[in-house]
Amino acid sequence: MKKIVPAISGLVAGFVAASVFFADFTTIGSKTTAGDVKAKSNAEKVYVPFGKKDDYYLFASGGHSGQMFIYGVPSMRKIRTIPVFSPDAATGYGWDKESKAMLGGYTWGDLHHPAFSETKGEYDGKYMFATDVANNRAAVMDLKTFAVKDILKVPNTSGPHCAAFVTENTEHMFLPTRFAVPFGHKYASLDDYSKTYKGVMSVVSFNEGNKKLKLDYQVALPPWSFDLSDAGKKTSSDWAVLTTYNTEEATTNMEINASQKDRDYIVLFNWKELDKMVKDGKYDTVSGVKVIDPAKQKGAIYLIPVAKSPHGVDVTPDGKRFIASGKLAPTMTVFSFEKAFDAVKNKKFQGEQDGIPVLDYKSVMEREVNPENALGPLHTQFDDKGFAYTTMFISSEIVKWNVNTGETVDRVPVQYSPGHSVSTEGDSASPDGKWIIALNKLAKDSYLSVGPSHPESMQLIDISDKMEVIQSAPVDPEPHYAQMIKADKLNPIVVYPKDEKRPDSVWSQEKAHIERKGNEVHVYGIAMRSKFVFDAKAKRRDAVTVKQGDKVVFHITNIDLDQDITHGFAINSYNQNMEIQPGETKTMEFVADKAGSYPLYCTNFCSALHQEMSGYLLVEPK
Ligand code: K7E
Ligand code: CUA
């Protein structure tokens with residue numbers, strides 16, 4: 001959702017920004033003004049002196065960079081980029097054998113929505129999930145190492161934008177598709193769209209034992225675009241909601257044709273019922289995947305009319321309500337789970353669409369909220385006091401409102417055009433109400449210019465009392481969504497535990513050796529400050545000689561079991577590079593198709609003799 005109406009938002013936001021900056025930061029002559037005092041006290045709020053750590057981790061999605069960005073809050077200092085769906089030269093992610101296999105040949109991804117694993121509706125700090133809109137993948141990152149452990153390729157779907165959101169105890173993640181496609185991505189004329197194309201929702205689970213993601217089953221929803229979703233909590237924990245657009249089933253000129261009808265739908269479904277249907281064999285098997293047809297299998301899925309083309313849908317921390325944001329309509333619609341359950345039970349239907357019952361809007365809707373002059377509501381976050389915070393893309397602001405009454409309580413301009421925002425522990429059952437960060441699509445004049453393309457911008461807003469923008473930080477494109485967690489919930493390891501069981505790891509210089517099997521050369525080597533040893537018995541322990549055309553497999557163990565002593569392993573001119581963290585073994589595999597003499601070296605500056613940490617790969621010509 002980027003830059004839909006930059007002209008209007010620019011005007012509104014520019015005007016608002018100008019007034020804010022003049023009000024707060026103008027100094028007159030050399031006198032200290034109220035603005036100076038304010039700036040100083042704001043600076044103190046976010047200043048984290050050296051030696052102290054931030055209170056929160058921010059995991060910001062990297063959008064079409066395919067990566068995840070880790071920031072500290074409140075300092076808003078960027079700590080690291082963690083590669084997820086795209087190769088990353090800095091860490092060699094996508095070059096070593098394991099991560100290369102996980103990426104499956106894809107060189108980019110589009111990561112929109114990160115989600116923490118949850119236990120009883122609280123972030124448990126164990127895992128981070130994300131999905132890839134570009135190439136239909138889901139990933140899981142282990143927060144002990146911040147390393148991606150598994151990537152699942154999902155069939156029959158084209159862009160799981162709607163994900164990832166986990167259920168209360170991480171039983172499932174739902175991946176509804178943004179673009180409808182025929183099963184198996186088969187060719188079918190767009191004239192047959194309504195008949196042949198499907199808006200498939202994938203239901204995925206995570207196995208903590210083997211750290212793998214698994215596709216449990218799919219639901220063949222109508223060929224609509226599914227936009228955002230959220231899982232229920234507490235009394236609604238068996239349920240989840242999705243927003244839809246293009247229920248018109250338009251296949252061209254979407255900008256106009258997908259906004260014809262006044263209403264689209266919220267899809268409300270009971271995932272426990274869906275699980276049960278699968279258990280009871282109520283599904284079809286399509287290319288090896290269990291697929292539920294909601295027109296045939298009734299009792300789990302319902303539609304609720306909502307103002308057309310909504311964007312976000314967010315469940316309140318108490319699990320009692322869900323709020324749809326209008327995007328095109330300047331309205332947040334508050335729905336009640338209790339009312340929805342009652343409508344389901346008493347069959348208060350206003351009709352059927354594609355065989356799915358449509359719940360009566362008035363019976364389920366609790367309130368339509370229209371803050372004055374607030375335009376383009378996209379996403380809602382929560383605090384600990386029952387307030388909701390909705391980003392307004394077009395009027396460039398965050399509006400704070402009372403979920404119980406719909407009354408506007410406060411509003412703050414942001415620079416500019418916020419998409420999502422994220423509050424501290426905001427998607428958990430107990431947000432703590434300290435900060436909210438506006439994830440702005442446009443930065444315009446906020447930072448030193450780097451040419452026509454600007455970074456996106458994140459603005460830290462204090463929500464403990466009256467909302468106030470305190471700090472701002474540029475961020476690479478493009479954080480759609482982010483998650484913020486209390487720092488003390490995470491407990492990353494310092495050194496990989498020495499894994500003696502891994503068959504290819506070598507834990508001493510003396511054990512380094514080379515094995516040849518036909519035209520495969522396996523090097524079992526070590527990296528340590530400040531050398532590589534590939535063959536303990538060789539005349540040159542840091543050189544490897546192979547024949548042109550050999551498959552070369554380097555298994556390198558970093559035997560420096562010390563904090564932060566990471567080594568790189570790169571081969572000059574061979575386009576090979578990987579990072580080996582302390583205690584880790586990594587594998588690099590390639591065919592030595594170019595004859596010649598190729599220096600290899602450590603890419604991470606690991607000691608005073610780092611420059612000396614090098615050797616040779618010699619490839620004898622055929
Ligand atoms: Cu950009 Cu959540 Cu993909 Cu809204 S989404 S902004
Ligand atoms: Cu190891 Cu530089």
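Analyst: Buried means under 20% relative accessible area, found with a 1.4 Å probe on protein chains only. This is a predicted model, in which local features need pLDDT of at least 70, side-chain atom pairs count only at pLDDT 80 or more, and totals for chains, interfaces and linings use all residues. Residues are numbered from 1 along each chain as its sequence is written, chains are lettered from A and ligands numbered from 1 in the order written, and side-chain values use heavy atoms, without hydrogens or water.

User: How many of the five residues of β31 are buried?

Analyst: β31 is a strand, meaning a DSSP run of E with at least two residues, numbered from the N terminus. It spans residues 482-486 and is mostly covered. The number of its residues that are buried is four.

User: In what order do the four strands of the open sheet with β31 stand?

Analyst: Strands count as paired here if DSSP finds at least two bridges between them. The pairing in this sheet is antiparallel, and the order is β3-β2-β1-β31.

User: Which strands stand at the edges, and by how many degrees are neighbouring strands turned against each other?

Analyst: β3 (77-83) and β31 each have a single partner strand, so one side of each is left without a neighbour in the sheet. These two, β3 and β31, are the edges. With axes fitted to C-alpha atoms, and direction ignored, the average turn between neighbouring strands is 20 degrees.

User: Which residue of β31 stands opposite Y56?

Analyst: β1 covers residues 56-61 and pairs with β2 (67-73) over six antiparallel bridges; within that pairing, S61 has M68 as its bridge partner. Five bridges join β1 to β31, also antiparallel. Opposite Y56 in β31 stands K486.

User: Why is strand β38 largely enclosed by the rest of the structure, and how many of its residues are buried?

Analyst: Q576, M578 and I580 lie on one side of β38, N577 and E579 on the other, and both faces are covered. The strand is largely enclosed because its buried residues number five of five.

User: Which residue in the hairpin of β37 and β38 takes a positive phi?

Analyst: β37 (567-571) and β38 pair in the antiparallel sense over five bridges, with F569 opposite M578. Four residues lie between the strands. The one with a phi near 70 degrees is S573.

User: Which elements give two or more residues to the lining of the largest cavity?

Analyst: A cavity is a set of points on a 1 Å grid over the protein atoms alone where a 1.4 Å probe fits but cannot get out, and lining residues have an atom within 4 Å of a point. The whole structure has three cavities of 30 Å³ or more, volume being the space filled by probe spheres set on the points. The largest, about 90 Å³, is lined by residues including E118, F165, K233 and Q483. The elements asked for are β4 (115-119) and β11 (225-231).

User: Which strand gives the largest share of the lining of the second largest cavity?

Analyst: This cavity holds about 40 Å³, and its lining includes F129, V166, H172 and L213. By class, six of the lining residues are nonpolar, three polar and one charged. The largest share, three residues, comes from β9 (199-207).

User: Which residues come nearest to ligand 1?

Analyst: There are 11 residues around ligand 1, near meaning a heavy atom within 4 Å. This shell divides into two nonpolar, eight polar and one charged, with Gly counted as polar. Nearest are H112, H113, H161, H311 and H420.

Note on methods:
Axes fitted to C-alpha atoms, helices over the stretch in contact; angles between N-to-C directions. 1 Å grid on protein atoms, 1.4 Å probe; cavity = no way out; pocket = protein on both sides within 12 Å on 5 of 7 lines; lining within 4 Å. Buried < 20%, exposed > 50% of the residue type's maximum accessible area, 1.4 Å probe, protein only.
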